[in-house]
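Trainee: I would like a close look at the salt bridges of this model, taken together with the surroundings of the residues that form them.

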Amino acid sequence: MNASDTTTSPAPSSALIPTKTPASVLNKLKTSPGGFYAGTPRLAYRAEYFTGGRDGNVLITKGLGYDEELIIRGVFEISRNNFFFTPDGDFNPANVFHGRLADLKLSCQLTAGRSKAFDFSSKDFPAVVNNLSAFENLVPKQRYYETVSVIQDAIGRGRSIKLTHYLFEANDEAQGGTSDKDDNGSTAVTHPDSLSSEFDIGTWPVADRCKGHLQDVASKHNICPLPAYDQNHVLIPPLQYEAKLKGALVEVHMAFYHHRVKNSRRDIFEAILRELIVLSPPAPMPSSRFKRRRLSDGPYTEQRKK
């Protein structure tokens, strides 16, 4: 076996990656073309839904002269709670509510950053939430319909934003021809042939309970790895998702979708991941001196330093 088939693509040279400062990151978020900083006031006035597509309604930018999904970007902390950015999203085929593996969506919760250096993440988070709420309010309310919002409650952190990623896309065989769109309306930008074998659907690291189901979907689907990069701009392998993302401070670029599900009378909103870059790794978990004690030495609180 060729060594190049089993190793991750070489990391970009650090000399080519400019040093990121909070100011440079914020400037990128505010001035880069193709989207808006999520904390920009009254963003809903610049947006509208492209409606009627089979895959739902996508939020687009007004007045461009052409239709392009609106990209919202910001800096957030990925919550340690409700973290499902794992290779199989904790999918359990025995749970009827999980549906089909082919429809699996990975998800995590974005919260206000706690970094002092990137303090704008915390200061602007209420404005971000207000903008996302305003995007949802652009859709006329139907009587007796339930709204499934991207804005949720985070344990001990106030509000959070549910970020979603579709793990599979139907391939050309399943779609009966060529297509550059997947079933959830997101543009297919991943080229599996350019990635190492650890990103291949045949070696994708799912739990044992999912392996048979993965084999069933492999012939008609492509795997869509998280478009998540570490601080060196290297694509994060699936086995490192949890270690490198859970609790990390990240730069996020996302699109916004609406689905009206008539049979269940629900308006479902989704913030779809387009790109994620780690700015600061997860902080270590709090330590406890009680974990280092020896039970045979007696009560730890009664011990005195000699």
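How exposed is Asp103, in terms of its relative accessible area?

Mentor: In this predicted model, Asp103 is partly exposed, with a relative accessible area of 42%. The partner of Asp103 in a salt bridge is Arg100, and the closest N and O atoms of the two are 2.9 Å apart. Arg100 counts as exposed, since its relative accessibility is 52% and the cut-off for that class is over 50%. Side chains of opposite charge can pair when their charged atoms come close.

This pair belongs to a wider set, for a search of the whole structure finds 12 salt bridges. Another of them joins Arg114 to Glu77, with 2.7 Å between the closest N and O atoms. That pair links distant parts of the chain, 37 residues apart: Arg114 sits in the loop between strand E5 (105-111) and helix H2 (120-123), whereas Glu77 lies in strand E4 (residues 71-78). The two ends also fall into separate accessibility classes, for Arg114 counts as exposed at 59% relative accessibility, while Glu77, at 9%, counts as buried. The assignment of Glu77 follows because buried means under 20% relative accessible area.

A further salt bridge brings together the side chains of Asp267 and Arg260, at 2.7 Å from N to O. Here Asp267 counts as buried, with a relative accessibility of 2%, and Arg260 counts as partly exposed, with 29%. Beyond such pairs, Lys20, Lys28 and Glu251 are joined into one network by salt bridges that share partners.

Helix H1, which spans residues 22-31, deserves a look of its own, and its buried residues are Val25, Leu26 and Leu29. These buried residues lie on the same side of H1, because the arc they cover around the axis is only 95°. Ala23 and Thr31, by contrast, are exposed on the other side of H1. What covers the buried residues of H1 includes strand E1 (35-37), E4, H2, strand E12 (249-261) and strand E13 (266-280). Two of these names return us to the Arg114 pair, as E4 is the strand that holds Glu77, and H2 is the helix at one end of the loop that holds Arg114.

Notes: Residues are numbered from 1 along each chain as its sequence is written. This is a predicted model: local features need pLDDT of at least 70, side-chain atom pairs count only at pLDDT 80 or more; totals for chains, interfaces and linings use all residues. Side-chain values use heavy atoms; hydrogens and water are left out. A salt bridge is a side-chain nitrogen of Lys or Arg within 4 Å of a carboxyl oxygen of Asp or Glu. Helices (H or I, at least four residues) and strands (E, at least two) are DSSP runs, numbered from the N terminus. Buried means under 20% relative accessible area, exposed over 50%, partly exposed in between (1.4 Å probe, protein chains only). The arc is that of the directions from the helix axis to the C-beta atoms. Contact means heavy atoms within 4.5 Å.
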